[in-house]
Each structure stands twice: as structure tokens, then as C-alpha cells.
Amino acid sequence: MKSVPGKIILFGEHAVVYGQPAIAVPLQAVQASAAAEVAPSGTGLIVHAPDLGQTLCYDDCTDTDPLYSALLYPLCVTLRRLNQPVPDLTLTVHSTIPIASGLGSGAAVAAALIRELVSALGANLDDTAINELVYEVEKRHHGTPSGIDNTVIVFNRPVYFVRGQPIATFQIAQPFTLLVGDTGQGSPTKLAVGDVRQLYDADPDRLTPLFSRIGDIARAARAAIESGAVDSLGPLMDENHALLRDMTVSSDDLDRLCAAARQAGALGAKLSGGGRGGNMIALVTPDTADRVRA
Ligand code: MEV
């Protein structure tokens with residue numbers, strides 16, 4: 001069985017699509033997993049997703065099926081890459097990562113399925129090759145993904161990510177605690193990314209400085225994390241959230257959760273991921289964690 005984590009974007013979502021740096025970390029509290037079982041000859045490739053109450057047969061599905069991109073396309077790109085015929089295999093997939101909520105559900109489910117299929121076929125692909133395959137799936141989900149979600153999930157380590165550049169990680173000089181708060185509202189990343197694209201195309205002179213400032217924040221945050229200046233991350237999170245709100249990707253509930261977290265003593269708070277719904281993160285200390293959680 002292969003399990004992979006979800007992810008949190010600490011700084012830089014959306015601006016990262018336009019070449020600015022962003023910082024993301026794996027989120028081990030939620031996981032996607034896939035387990036393969038050899039099936040009788042002639043059965044074909046079956047994906048069983050009990051959490052969704054769905055069983056899909058690789059050969060019978062078309063790419064217009066709503067779950068094709070999430071559950072079958074990862075297998076399609078893998079078989080193509082390995083140049084292998086469709087095997088007789090049942091893959092059972094589970095996920096505790098809420099769907100369309102900024103925690104990397106799509107990339108994690110794809111990564112778990114791809115890793116398990118590669119292993120069941122006795123093949124060997126390194127993380128770079130797996131990452132390329134998950135990115136193929138991400139492109140199908142999102143249109144123009146930066147690649148940060150698949151990278152942090154496949155490599156399973158903190159990343160300082162700049163589109164098109166080699167993966168960089170960073171040292172965390174002093175541990176810090178983030179509380180993740182779910183609005184309970186799903187919102188597909190593709191829509192938010194598409195709307196930002198429209199805003200940018202309509203008025204690049206307004207959007208470019210917002211992206212640049214978010215890039216500055218991500219650079220300053222990396223320096224703060226590497227030097228252990230954890231307290232200074234709070235104001236950077238607040239400013240990053242305000243800029244994301246200016247880009248229209250926050251929501252009333254995200255703003256309310258962030259304000260409530262700050263009021264309860266969080267050092268800073270922001271939406272995380274595509275926005276419009278999904279999750280926020282708040283920087284807490286041992287003294288404030290319980291109050292903020294409440
Ligand atoms: C989604 O987790 C992060 C976005 O920046 C999109 C992307 O980077 O592809 C909103």
C-alpha cells in the first residue's frame with residue numbers, strides 16, 4: 001500500500017503561477033492511500049473508491065466520466081510512461097483529504113495511485129519521474145498549475161518552489177505550529193486560478209504588483225523560517241491574506257475564520273491553497289492554540 005500526505009501552502013499561492021516563489025509543506029494529518037490486489041485474468045484494471053461509493057473499470061470509462069481525471073487518468077499516464085498493457089489489477093483508494101479544499105486532494109490521490117501501480121507492475125520510477133506524471137494529472141485538473149502541489153506531495157518535504165526551477169528545500173530553524181481551519185465549503189482550484197487569470201489579462205498593471213509583493217513576502221518568510229524568527233511570520237501571513245483578498249480569492253467565511261483566529265491570539269492567519277472556500281491556516285503558540293481552535 002502507498003500512502004501520501006496532503007499539503008499546505010504557507011505563502012505564495014496564485015502568485016506562484018506567475019513565476020513568484022511560494023512555500024509549501026506536507027500535511028501528514030491527512031493522507032491518500034492506494035492498495036493493489038492482483039485480479040483474475042481478464043478482469044482488467046478496476047479502481048475501487050469506497051469513500052466515494054464508486055467502482056470504475058479502466059476500459060469501460062470514457063474521459064467524460066466525472067471521476068476519470070481523478071481516478072483513471074493517473075493510471076493512463078503511468079501505463080503510457082511505462083509502455084505497459086492494461087494489467088489485471090484492483091486498486092482500492094482511500095483519502096482523508098477533503099476534496100476541493102486547498103489541501104492537495106487531487107495531487108495526493110494521483111500520487112498514491114501512480115506509486116502503487118508502478119510498484120504492482122514491478123517497475124521503478126524515481127520521485128522526479130513520479131512528479132512528472134502527477135503534474136500531467138494536475139494539468140488536467142487545473143489547466144495551468146504551477147506544479148507546487150504535486151512537488152510538495154511527491155517529495156514529501158518542505159519546498160521553496162519557483163515554477164520551472166529545480167526544487168529547493170529549506171531549513172526550519174525553530175519549529176512552529178499551524179492550526180488548519182476548514183470552512184467546509186469546497187471550491188475547485190481551477191475556478192479560482194481561472195478567475196485570477198481573467199483579472200490579470202484584463203488589468204496586468206494592477207495584478208503584477210500584487211504578485212510581486214506576494215513574492216517578496218515568500219522570500220521574507222523563508223528568511224524568517226531559516227533564522228528562527230517565527231513571530232515575524234504572523235504579519236507576513238496577514239499581509240499575504242489581504243493581497244489574496246484583493247485578488248478576489250478569499251471568501252466571507254475565510255475572512256471570518258482568519259479574523260476570529262487573530263482575535264483569539266493567533267500571530268497571523270491566511271487562506272491556504274486556491275481559496276474561495278477550503279482551508280485557512282493560523283500561526284499559534286502553546287498559549288493560544290486552544291483558544292484559536294475553539
Ligand atoms: C493551489 O494549491 C495553488 C495555486 O497557486 C495553484 C497552483 O499553484 O497551481 C492556487
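Let me begin with one pair of helices, where α7 passes α8 in a left-handed crossing, and I should say at once that we are looking at a predicted model. The contact between the two is made on one side by Asp238, His241 and Arg245 of α7, and on the other by Leu254, Asp255, Cys258 and Arg262 of α8. If we sort the residues of this contact by character, we find two nonpolar, one polar and four charged.

How are two packed helices described? By the angle between their axes, together with the distance between those axes. In our case, helix α7 covers residues 233-246 and helix α8 covers residues 252-263, and they pack at an angle of about 160°, with their axes 12 Å apart. Because angles over 145 degrees count as roughly antiparallel, α7 is roughly antiparallel to α8.

Now let me step back to the chain as a whole, which contains nine helices and nine strands. Its radius of gyration is 19 Å, close to the 19 Å that the globule rule gives for 294 residues, and the chain is therefore as compact as a globular protein of that length. Taken along the principal axes, the box filled by the C-alpha atoms comes to roughly 60 × 45 × 35 Å.

What share of the 294 residues in the chain is buried? The figure is 51%. Finally, a word on how contacts are spread along the sequence: if we take the contacts in the chain between residues at least 6 apart in sequence, 70% of them join residues at least 24 apart.

Note on methods. Residues numbered from 1 in each chain as written. Predicted model: local features only at pLDDT ≥ 70, side-chain atom pairs only at ≥ 80, totals over all residues. Heavy atoms only, no water. Axes fitted to C-alpha atoms, helices over the stretch in contact; angles between N-to-C directions. Helix = DSSP H or I, 4+ residues; strand = E, 2+ residues; numbered from the N terminus. Parallel < 35°, antiparallel > 145°, perpendicular 65-115°, else oblique. Left-handed = near helix turned anticlockwise from the far one by under 90°. Contact = heavy atoms within 4.5 Å. Nonpolar A, V, L, I, M, F, W, Y, C, P; charged D, E, K, R; others polar. Rg over C-alpha atoms; globule rule 2.2 N^0.38 Å. Buried < 20%, exposed > 50% of the residue type's maximum accessible area, 1.4 Å probe, protein only.
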